[in-house]
Amino acid sequence: MEQPENPGTVYSIRAVQRVCNILDLIQESPEGFSLTQVAEVTQFPKSSAYRYLATLESRRYVMRDPITGLFRIGPAFLPLQSRQLAVLADRVRPYLTALRDQFEETVNLGILDGYRVSYVEIIESPHTVRLAAREGDRDQLHCTALGKAIATTLDDDRVTMILEAEGMPQRTPRTITSIPEYLEDLAASRQQGFAIDDCENESDGRCVAVPLSQIGMQAAISISAPSSRLSMDDVPHIAHALSETAKALANDTNP
């Protein structure tokens, strides 16, 4: 069968061209880009352009900066993203180690990775019995303190979209499985400045987390431990220490 002289012109698919335009925008905008810019390059209204972005976000090709509201390259683009995460982990590790030494419990750094929280750095407790994930593990937002802390930096519409896409499986009898109840819990977390996983992800585990700001991605740090060692009475003290660490990291301008 005879092929056309310029098959690219004949077989061009408009939707693919629009995605390619967005990918070009991602490459040209290392500091981030706006929904308005995406609407311009796709020639779509903002509502339609946002659906494209939401799909790319769910596939981890873009992520949203909680401070500026801009979108930027996501963790699916490797090895560039791996280098960025390595730099972040190196920067945060001394602070996490100090927290681990202070409380002798596991300390975690997580980022929003698509629609889930991904563990980037874990400094484990010296105790034989401890609560610890593994680097690279990805948990859902609705049942983890890290996920809740990150969710406090998002608007409720976006949180609802993530919960609807991911579902809210019941991990323990205490897991929140209702979107209205979760949004109510999130409002309380925003007001108090920290989030709690009160035996919601593991029946014998408790975790406290705070969001990080001014680091260029949606992230949080947490302290997790068996509930027998981390009581609810301990939560305010741990939350204060985490908040002070988050402030120190925000003021740390070193790469």
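The exercises below, each with a worked solution, concern a predicted model of one chain.

**Exercise 1. Overall make-up**

State how many helices and strands the chain has, and what share of the residues is buried.

Solution. Start with secondary structure: the chain holds 9 helices and 8 strands. Next take burial: of the 255 residues, 47% are buried. Then turn to the surface, where about 12800 Å² is exposed and carbon and sulfur atoms supply 49% of that area. Last, consider contacts between residues at least 6 apart in sequence: 58% of them join residues at least 24 apart.

**Exercise 2. The pair α3 and α4**

Classify the crossing of helices α3 and α4 as roughly parallel, roughly antiparallel, roughly perpendicular or oblique, and describe the residues that meet there.

Solution. Step one is the geometry: the axes of α3 (residues 35-42) and α4 (residues 46-58) come within 9 Å and cross at roughly 100°. Step two applies the cut-off: angles of 65 to 115 degrees count as roughly perpendicular, so α3 is roughly perpendicular to α4. Step three lists the contact: α3 contributes Leu-35, Thr-36, Val-38, Ala-39 and Thr-42, which meet Lys-46, Ala-49, Tyr-50 and Leu-53 of α4. Step four sorts the residues of this contact into 6 nonpolar, 2 polar and 1 charged.

**Exercise 3. Two nonpolar cores**

Identify the residues of the largest nonpolar core that touch the most other members, and find which elements supply at least two residues each.

Solution. The largest nonpolar core has 32 residues; those touching the most other members are Leu-99, Leu-109, Val-208, Leu-212, Ile-221, Ile-223 and Leu-242. At least two residues of this core come from each of α5 (80-103), β3 (106-113), β4 (116-123), β7 (205-212), β8 (219-226) and α9 (235-251). Take Leu-99 as an example: beyond its neighbours within four places in sequence, Leu-99 contacts Glu-104, Val-107, Ile-221, Ile-223, Ala-241, Leu-242 and Thr-245. Another core, of 25 residues, lies apart from the largest one and includes Leu-112, Leu-141, Leu-163 and Ala-195.

**Exercise 4. The setting of Leu-112**

Decide whether Leu-112 is buried or exposed, and list what Leu-112 touches beyond four places in sequence.

Solution. First locate the residue: Leu-112 is in strand β3. Its relative accessibility is 1%, and buried means under 20%, so Leu-112 counts as buried. Leaving out residues up to four places away in sequence, Leu-112 touches Glu-57, Met-63, Leu-141, Ile-150, Leu-154, Arg-158 and Gln-218. Finally, compare sequence with space: Leu-112 and Arg-64 are 48 residues apart in sequence, while their C-alpha atoms are 8.9 Å apart.

**Exercise 5. Positive phi outside glycine**

For Glu-104 and Cys-199, give the phi angle and work out the burial class.

Solution. Glu-104, in the loop between α5 and β3, is not a glycine but has a positive phi of about 55°. With a relative accessible area of 40%, Glu-104 is partly exposed. Cys-199, in the loop between β6 (195-198) and β7, is likewise not a glycine and has a positive phi of about 60°. The relative accessible area of Cys-199 is 8%, so Cys-199 is buried.

**Exercise 6. Ala-225**

Place Ala-225 in its element and give the C-alpha separation from His-127.

Solution. Ala-225 belongs to strand β8. At 0% relative accessibility, Ala-225 is buried. Along the chain, Ala-225 and His-127 are 98 residues apart, and their C-alpha atoms are separated by 9.8 Å.

How values were computed:
Residues are numbered from 1 along each chain as its sequence is written. This is a predicted model: local features need pLDDT of at least 70, side-chain atom pairs count only at pLDDT 80 or more; totals for chains, interfaces and linings use all residues. Side-chain values use heavy atoms; hydrogens and water are left out. Helices (H or I, at least four residues) and strands (E, at least two) are DSSP runs, numbered from the N terminus. Buried means under 20% relative accessible area, exposed over 50%, partly exposed in between (1.4 Å probe, protein chains only). Contact means heavy atoms within 4.5 Å. Accessible areas come from the Shrake-Rupley method with a 1.4 Å probe; for residues, only the protein chains shown count as cover. Axes are lines fitted to C-alpha atoms, for helices over the stretch in contact, and angles run from 0 to 180 degrees between N-to-C directions. Angles under 35 degrees count as roughly parallel, over 145 as roughly antiparallel, 65 to 115 as roughly perpendicular and the rest as oblique. Ala, Val, Leu, Ile, Met, Phe, Trp, Tyr, Cys and Pro count as nonpolar, Asp, Glu, Lys and Arg as charged, and the others, Gly among them, as polar. A nonpolar core is a set of buried Ala, Val, Leu, Ile, Met, Phe, Trp, Tyr and Cys residues joined through side-chain atoms within 4.5 Å.
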